[in-house]
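I opened this one with a fresh notebook page and a cup of coffee. Here is what I looked up, in the order I looked it up.

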Amino acid sequence: MSVRELVVLGTASQVPTRHRNHNGYVLLWDGQGIMFDPGEGTQRQMLRAGVAAHDLHRICVTHFHGDHSLGLAGVIQRLNLDRVPHPVTAHYPASGQRFFDRLRYATAYRETVALAEAPVAADGPLAATASYTLDARKLSHPVESYGYRLTEPDGRRMLPELLAERGIKGPDVGRLQKEGALGGVTLDEVSEVRRGQRFAFVMDTRLCDGVYALAEGCDMLVIESTFLDEDEQLAVDHGHLTAGQAARVAVDAGVRHLVLTHFSQRYPDPGVYEQQARAAGFDGELTVARDLMRVPLPKRT
């Protein structure tokens, strides 16, 4: 049975707190593990959350500020220590190649894993698998930053009442799905499009076209909300979003499940983020992320 869920390893912004580790997220998607923005302490948070190095197939870094990337050294070395048997691909801004090189080889260790480097230099597709395509969009931050989006290919949903009308049942249903037609009945006549799921990961950024492109039509949007609305000017100055801004993006983009994260240490009460997101008009599923929580993707509609 396929599992699609977000594992939250850390939710702090620049400064961790007693209750918030630096950033770290793993999206589990049909047996593939995609890690996003491993900050300091990620390796230990993986242990606490029940995520193994063997679960990881990709690492996606949005940008090279420390709270989003200093955990890379430990994660890469753990992949090698545990002799992960499959290739792992790392995506990160091409302009930060020197930082990636330093983190990859921060200390001595024995390389045992095929770690492929796939730097991102422009908007567009990065990878395609049987269950998703991965795309990147440039964001607006003081250093070059990219957000990431996974899109599942559209499928078909069989309609039992129409199959019954045409006398198609049992193994014939599978043959019709495979061949596209059976006994003069086409697949389109007895099924409908099942829209593929969509997931986006948006970290440090001001409002920009890239934010909206990533969020459009997402089943789950994981998005930074570093500041509360009363500090919007601080957010603009430092290249971040407020809770209300993030929620309005979700409203405009038709997001089903909004996950707010990357919180400034200046706000001790996480409940205020939810209040401001609701006040901004978002009425879908809403999660104010906490360290070590697991958030399942919404069921397909």
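**Overall size.** I began with the radius of gyration: the protein chain has 21 Å, which agrees with the value near 19 Å that a compact globule of 301 residues would have. I kept in mind that this is a predicted model. Next I took the extents of the C-alpha trace, and along the principal axes they come to about 65 × 50 × 35 Å.

**Cover and surface.** I then asked how much of the protein chain is buried, and 52% of the 301 residues count as such. For the surface I noted about 13,400 Å² exposed by the protein chain, with carbon and sulfur atoms supplying 51% of that area.

**Contacts and elements.** I checked how far apart in sequence the contact partners are. Among contacts between residues at least 6 apart, 66% join residues at least 24 apart. My tally of secondary structure for the protein chain reads 10 helices and 18 strands.

**Strand E16.** I picked out E16, residues 257-261, for a longer look. Is this strand mostly covered or mostly open? It is mostly covered, as 5 of its 5 residues are buried. I sorted the side chains by direction: His257, Val259 and Thr261 point one way, while Leu258 and Leu260 point the other way. Both groups are buried, so friends of alternating patterns will find no open face here.

**Neighbours of E16.** I looked for the pairing partners next. Strand E15, residues 220-224, runs parallel to E16 and is joined to it by 5 bridges. In that pairing I found methionine 220 opposite histidine 257. E16 also pairs with strand E17, residues 285-288, in the parallel sense over 4 bridges. There, leucine 260 of E16 stands opposite valine 288 of E17. I followed the chain from E16 to E17 and it passes through helix H10, residues 271-279, making a right-handed β-α-β crossover.

**Aromatic pairs.** I counted rings next, and the structure holds 11 aromatic pairs. One of them is tyrosine 92 with phenylalanine 100, a stacked pair at 4.2 Å centre to centre with 10° between the planes. I checked the cover of both partners: tyrosine 92 is buried at a relative accessible area of 0%, and phenylalanine 100 is likewise buried at 0%.

I put a second pair beside it. The ring centres of tyrosine 105 and tyrosine 109 lie 6.5 Å apart and their planes meet at 15°, so this pair is stacked too. Here the partners are partly exposed: tyrosine 105 has a relative accessible area of 45%, and tyrosine 109 has 21%. I noted that 21% sits just on the partly exposed side, because buried means under 20%.

I also marked a cluster, in which ring pairs link Tyr25, Phe36, Tyr148, Phe199 and Phe201.

**Histidine 91.** My last lookup was histidine 91, which has its place in strand E5, residues 88-93. Buried or exposed? Histidine 91 is buried, with a relative accessible area of 1%. Which residues is it in contact with, leaving aside neighbours within four places in sequence? I listed Arg58, Ile59, Cys60 and Val61, then Ala118 and Val120, then Leu126 and Leu134, and finally Tyr148. I was pleased to meet Tyr148 again, as this residue also belongs to the ring cluster I had marked.

How values were computed
Residues numbered from 1 in each chain as written. Predicted model: local features only at pLDDT ≥ 70, side-chain atom pairs only at ≥ 80, totals over all residues. Heavy atoms only, no water. Buried < 20%, exposed > 50% of the residue type's maximum accessible area, 1.4 Å probe, protein only. Helix = DSSP H or I, 4+ residues; strand = E, 2+ residues; numbered from the N terminus. Pairing = 2+ DSSP bridges. Right-handed = clockwise from strand over helix to strand, strands pointing away. Rg over C-alpha atoms; globule rule 2.2 N^0.38 Å. Contact = heavy atoms within 4.5 Å. Areas by Shrake-Rupley, 256 points an atom, 1.4 Å probe, with all protein chains shown as cover. Phe/Tyr/Trp six-rings, centres within 6.5 Å; stacked < 30°, edge-to-face > 60°.
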